[in-house]
Every structure is written in structure tokens, then in C-alpha cells.
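Please open the model in your viewer and keep a selection panel at hand, since the tour below goes from one residue or strand to the next.

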Amino acid sequence: MIQKTTLFLTKCIIFFGAFFAFEPSINAQTVVPQTFDGLEKLCAGGSFNEFFATFSYIDFPAGTTFVVELSDPTGSFTNPIATTLLQTIDVSPTQKTIKYAVPTNLLGSDTYSLRVKASTGYVSPTRFKNTLGNTSFPAYYKEYENSFYINKKSDMALLCAGGSLTLSVDNETPTVPSSSPLNYASVKYKWYKDGTAITGQNSSSLVVNAVGQYYAEIDYGQCSDVNFSSNRVTVTSSSSGSSVTISSSLGNPFCSSGSGTVLTATSGNSYVWKKDGNEITTAIGRTYTTNESGNYTVEVDFGGCKATGSINLQSNTFSASIDVPEAPDTNTIAEGETLSVTVTDDAASPTYEWYLNDNLIAGATTDTYLVTVRGNYRVKISQSGGCITSREFSFIVTGPPGPATVIPNIIKLTTNPYWNIPDVYKTADTKLTIVSSNGEIMFDDVGSNYDPVTNSFVKDFKNVNPVYYYVIKGDAGEKKGSITVIK
């Protein structure tokens, strides 16, 4: 019995001896975080997200790697947040510096902590300190780093006695995220009145019921930057029942132009425009540009009170019409037929210009034109008296399907100063030659290069009607003839 007891004691002594012999080795792993070098807080963003953490360590196995971890926003490491390892720098055999980045989805807080974790599972019992000696410090990732606008970029707003108005963050281009903080759902705001923060206001809009100067700032806690703030809006009082007037930049009646006249209402906070009682949904600002006559009204919100103004806008322009279908509809004439086109208008001292394929038709200066050539036509009516303005009509003249072969032999300057050939001869395999009566070559090329306007050969003449001669050679044989020009 004594021998068994002695043997048992001997085994216990050997076991605990071995345990205590290994205990110093187990507990010798040590990490000592150093104080941040010149850093009070982690203020990251798209423009900057690189930080350094230096620490000393001893008794770690070869190949051990280290990372730094953030606490949760409250400072607890129950659920630590992994940072992004950018680089590990060996300062000495017992010292390392880790270059890291904070997560881009980090929930901002002023009470984060940072520690070291080894691949062996060891975590540093002490935390990093900032330059103020605190182990708890701000950490934010700033999604939006820019100034922005409120109140539709306006620096003024009106407030009626006893009323209220809402100032909101602008977002003119939602498809461009960097254009407005509204495109980042996690962004919060701080609102200021007369330079003092308004407690409890962190949304993208603010209801105002007192005069003063207001602006908003992106709320990044202690990482907030005045450069990430809005324009300043001065809210002044407006008496209830303020009158509204509408002015026309071109007067009333106005002379219609390409850009139109600009209607401007009395300054307010928001506007609802109507024409002849129908709301103009695209008109939301203080001004509206139009070329149309009508009864225009605008309801102006002065911040708790509203008023409406009106203007019966009249235009000094003229009305006009044309007696043929306009483009893109077409007008058809058979080979050898003509089409008389007339415009009707009430313009003062009107002038007329007719165009074929965008080329001015010489001599066509009345309200009627006799079409003999197919093509794209345009007529421009200009009012040269009173309100100087113009209107245009376009129409298309085509022919029936199938090749036309009738070659005209007379050019009437009063109706159509151009000579044309059927399309069947306007090919690269057809040769066209036109000469004057005195042998001057007016055109000598393939038919596909002939254009009746740009290749017009008609010259000025006095008494004798000039005669020209043509020769057309192609697969269908040879055609010859004369062309007589008459007034």
C-alpha cells in the first residue's frame, strides 16, 4: 500500500512539473500595440483609406501572421470587424507595422477600438491608443465627399407669419451618384441655423418655421468636414397675401422668336404654372419660356401662404397654311405632270423663298409655285413688317413606281429653272453630255452624278431663247434632243 501511494505521488509530481515547465512557453506570446503616430481618428473615404498600426511582439512561432481588428461601433470586441490588410512591414525582428484600410461599409461611430490578432489565435489584451492617449476614437468611411445644394440651389427663401417651409437636399442627376449625397442611403445630415447645430435633425430635409440662415452638413461625427456642406439659405419673412405678377421678357404682345419669351413670376419658394387652366408639369421654377399665346397663371408658395398671378399673353406672329400634305406625307405627280402649291398667310409685308432639296429656287418669290420636278421641297414665309419672324412648310413630291423615260425639252424660268432627266438615266452606266448652241460643254459625266440644281446650266439671257443639246448613251441605246429655255 505504501509502495502504490509513493508511485502515485511520483506521477503527480512529474505531471505538474511538466505542466509548469511548459507554462512559461504558452504564456510568453505577447503583443504590445504602440500609440498611433500623429493620428487621433480614422477618417476614411474614397480619396483616402490607408492607416498604419505598429506593435511589438515576442515568442511567436515562425510564419505567424498578424492582422488588426476593429471593435463594433460601441467599442466591444464581441463581434470584431476585420480591416483590409494592405501590407505588413517588418520594422525589426520583434516589431511590425500593418498597413490597413477600414471597410467601405463601416457604420460610423466615435467609439471604435483597435487591437491585434495573430494567426495562432492570440489577441492583444491591450488596445491601440490615439495621440490623445485614448483607446476609444472615431472611425468613419465617408461615402460622399463633396459640397452639395439645398433649396434647388437658391440662396433665398420666404416664410409667412405662422407658416412653415421645407428645405431639402437637391438631387438633379440621380444617375450620377457623386452628384448628390441623396444617392447614398446611409448618409446622415446635420442642420444648422445661424451657425448653430439643430439638435435631433439628421434627415435630408428640414421643416423651417423661423427666419434665419440655414445649411446642411454631412454628419460624419468627429470626421465631419465643413467642405462637405450645402449652400447657405437665408429665410426671410413674407407677409400673408403677397401679390404675384408675371412679366414677359419680350413684352406683351410679344414678337415670337426661336427661343420664345421668358415669363418670370414674383420670387417665392415653389411654383405651379398653368396655361389656359391646364397645369404645365414641366414648369417648376420661377421662369417659364414659351412661344405660344394663352392665359398663363402661376401659384407661388411663400412659405405657409400662397398667391396667384396671371398674364394674358399675346403673340405678334402671323398664321399660315399650305394647300398640300406636309412631310413626311408625300404628293405624287406622274411623268410630265405638274403640281401647283400655294401658301396662305396673314403676314405683314411677306416674302417667300422656295427650296428644292435645300437649294434655293431662283425666281420663285410668290406665294404659289408650280412643281415640275420631284424632290424634297420647302417654302419659307417671312414677315418683314412689324414683328419680324418667319414660318416654314416642307413637302415631298414623288412619282408613280416604275421607270419614267420622258425627257423634258423646255425649261420655263417663271415656274422651274431646272432641267431634269428621268431616274432611269441617272446611273453610273449612262453617259450624259449637255452642250450649248455655241458648242460650250455644260455637263459631261455619268448620269448618276447629275443633279438638276447643282448642275444647272441655265445662264442669264436677254431676248433670244437659248437652246441646249443633250446626248444620253446607255444600255438602252442613244437619245438626243434639244432643250429650249423660255421666260
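Begin by selecting Cys223, which in this predicted model is buried, with a relative accessible area of 4%. If you now show its sulfur atom together with that of Cys43, you will find a disulfide joining Cys43 to Cys223, with an S to S distance of 2.0 Å. This pair links distant parts of the chain, since Cys43 belongs to strand S2 whereas Cys223 is in the loop between S16 and strand S17 (233-238), 180 residues apart. Turning to the torsion, the link of Cys43 and Cys223 is left-handed, with -80° about the S-S bond.

How many disulfides does a search of the whole structure find? The search finds two, and for the other selection you can take Cys160 and Cys305, which are joined at an S to S distance of 1.7 Å. Here too distant parts of the chain are linked, with Cys160 in strand S11 and Cys305 in the loop between strand S23 (294-301) and strand S24 (306-313), 145 residues apart. The link of Cys160 and Cys305 is left-handed, with -45° about the S-S bond, and both Cys160 and Cys305 are buried.

Stay with strand S11 and widen the selection to the sheet that contains it, an open sheet of five strands in the order S11-S17-S16-S13-S14, in which the pairing is mixed. Strand S11 (156-160) and strand S14 (196-197) stand at the edges, and because each has a single partner strand, one side of each is left without a neighbour in the sheet. Within this sheet, select strand S13 (residues 189-193) and strand S16 (residues 212-218), which run antiparallel and are joined by five bridges. On this pair of strands you can pick out Lys193, which stands opposite Tyr214 in S16.

Next, select Tyr215 and display its ring together with the side chain of Arg232, which lies over the face of Tyr215 at 3.5 Å from the ring centre. An arrangement of this kind can also be displayed by selecting Arg378, which lies over the face of Tyr355, at 4.1 Å from the ring centre.

Now move to Asn49, in the loop between strand S2 (42-45) and strand S3 (51-58). Is Asn49 buried or exposed? Its relative accessible area is 17%, so Asn49 is buried. A polar atom of the Asn49 side chain lies 3.0 Å from the backbone oxygen of Val102. If you set aside the neighbours of Asn49 within four places in sequence, the residues in contact with Asn49 are Ala44, Leu86, Tyr100, Ala101, Val102 and Tyr141.

Finally, colour the aromatic side chains, for the structure holds 25 aromatic pairs. In one of them, the rings of Tyr288 and Tyr296 have their centres 6.2 Å apart and their planes at 45°, so this pair is tilted. The two residues can be set side by side by their accessibility: Tyr288 is partly exposed, with a relative accessible area of 21%, while Tyr296 is buried, with a relative accessible area of 1%.

As a last selection, take Trp419, Phe443, Tyr450, Phe457, Tyr468 and Tyr470 together, which ring pairs link into a cluster.

How values were computed
Residues are numbered from 1 along each chain as its sequence is written. This is a predicted model: local features need pLDDT of at least 70, side-chain atom pairs count only at pLDDT 80 or more; totals for chains, interfaces and linings use all residues. Side-chain values use heavy atoms; hydrogens and water are left out. Rings of Phe, Tyr and Trp (its six-membered ring) pair if their centres lie within 6.5 Å; planes under 30 degrees apart count as stacked, over 60 as edge-to-face and the rest as tilted. Buried means under 20% relative accessible area, exposed over 50%, partly exposed in between (1.4 Å probe, protein chains only). A charge sits over a ring if NZ of Lys or CZ of Arg is within 6 Å of the ring centre and within 35 degrees of the ring normal. Two strands pair if DSSP finds at least two bridges between them. Helices (H or I, at least four residues) and strands (E, at least two) are DSSP runs, numbered from the N terminus. A polar contact is a pair of N or O atoms within 3.5 Å; within protein, one must be able to donate a hydrogen and the other to accept it, and residues adjacent in sequence count only if both atoms are side-chain atoms. Contact means heavy atoms within 4.5 Å. A disulfide is a pair of cysteine sulfur atoms within 2.5 Å.
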